[in-house]
Amino acid sequence: MATVAPQAVKVPETHKSGDAKVVGDVLRKILPAAGGSFIEWYEFAIYSYLSSYITDNFFADGRGGSVGTWAGFAITFAFRPLGGAFFGFLADKFGRKPAMQLTILLMLVTTVLQGCLPSFSCCGEAWGWFGLVTLLVLRALQGLSAGGELSTAAVYISEISPRKTLGFNLSWISVSGAFGAWTVAALVVFTIESSLSKQDMLMWGWRLPYLTSIVPGIVLIFMRQYLEETEDFEDLVKEIAAKNANNATQDMEEGSSAASEEAELGTVQELLANHKLALLIGSLGTAGIGALWYVPPVYGVQFIQQSEKLPPNAVTFSEMLAYFIPTVLAMFVGMLVDSWGAGKVHTLALVLGCIVSPAPLFYWWAHVPPQQAILSVYMGQIILGFMLALTTSVYLWVVELFPVKVRVTGVSIAYNIGIGIFGGLGPVLSDLGNKEISPKGPVSAPAAFTLFAGALSLGAVASSHLLARRGLLRLTHIRDAPY
């Protein structure tokens, strides 16, 4: 492994200026970019909130049950690294803007179509199988889209933001997407569940949250038409053009029409050749965040609902609490990242969210008296909300690992392996684990999975500092301090 040489980072004037005009211009760029994550996370949220209805419509009667439903959830995440590589290549080759326009369009179409699928409950056996297969195909396509959506937006925001407010500006992804979308989705599902009977929800009410996504989706597609390309990417294009022109001149002077011997590597090849450690650290370092996002607040409360027979709207409301708190606190965490450092806040999130809280929380939920079950779920979700807020730091932490040339591809692959694989597999592995490990034991299956992923991430974070001290890895490519 070659030593990573420090690279000079050009700071554009828009990164240096702090006047109101520049701040307003930055916000006009940030909001459409961060808002695209709303559609991505909105779909993930409604699928998890509606998991019991999805099971009854598509996976009941020997077709997989709850394991099949959560496997459908995991399929989307399994395809995210592939989508990250594809859209990351597009963003690093052709620009951040076209990649973001394509990802939001694909996500919107596949989300709306899921609300139109025939199911076994409404349309019989033949159409039910058609709907089931189509559901899985659409979720795979969503995985491709989601793989490029958030990571491209995070890189875009980091490249157009003033250096001193990187954490705060990236927190808009949490406000509008990662947590805000889950809050809105919970409110939508809670309202529909409270307005319809259980039978109506089963037959057609579950479709409504999918169909409502068309309104914000069209607005965001329209807004993204007016995004400008980042200065970092434009500088990279000019640098490559100048290098190619210089190589062509040298070839002509040497009387050779052959390409330069130092042919430029493709984006993925460059990433694998020169940034393998960053890719490994980024993938493992985000695994705990994926587990924390999708196991305790999503799978955990759904499991409690099944065991304690809690009302569906009460469970949905508790999930809304878990995501409303980090939505409100995200900007404050962003400011903490700007004053204390992304590395420190990311480490704190892993320790508190993945190591300290999972085992006691699941043990409490498994042993609480039935008459206190709803209250315990609400209180547990509030506690989780504060843990989730700290994970706002993950965006800057992973973006910092990669230079501009491979930044979107690197972030997309690393983020989607860590968040996608560990987060996506978390619910289905926890569901399978509960069949072997007693939920009432000292460490239940979902708690064990979260602890494992958190320990893996903390090991990666600790290794990253050791590698950096030895000159084998560069932790920051945008802002050296605070970290």
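Buried means under 20% relative accessible area, exposed over 50%, and partly exposed in between, with a 1.4 Å probe and protein chains only. This is a predicted model, where local features need pLDDT of at least 70, side-chain atom pairs count only at pLDDT 80 or more, and totals for chains, interfaces and linings use all residues. Residues are numbered from 1 along each chain as its sequence is written, and side-chain values use heavy atoms, leaving out hydrogens and water.

**View 1. The whole chain, with 23 helices and 0 strands.** Helices (H or I, at least four residues) and strands (E, at least two) are DSSP runs, numbered from the N terminus. Of the 483 residues, 57% count as buried. Take contacts (heavy atoms within 4.5 Å) between residues at least 6 apart in sequence: 85% of them join residues at least 24 apart.

**View 2. Two cysteines, C116 and C122.** C116 sits at 49% relative accessibility, so it counts as partly exposed. C122 comes in at 35%, so that residue is partly exposed too. Looking for disulfides (cysteine sulfur pairs within 2.5 Å)? A search of the whole structure turns up 0.

**View 3. Helix α9, residues 180-195.** With 16 residues at 1.5 Å a residue (the expected span uses one less than the number of residues), α9 should span 22 Å; its end C-alpha atoms are 23 Å apart, which agrees. Its buried residues include W182, V189, I192 and E193.

**View 4. A481, in the segment after α23 (445-469).** A481 is exposed, because its relative accessible area is 57%. W340 lies 141 residues away from A481 in sequence, yet their C-alpha atoms are 8.8 Å apart in space.

Note on methods:
Disulfide = S-S within 2.5 Å.
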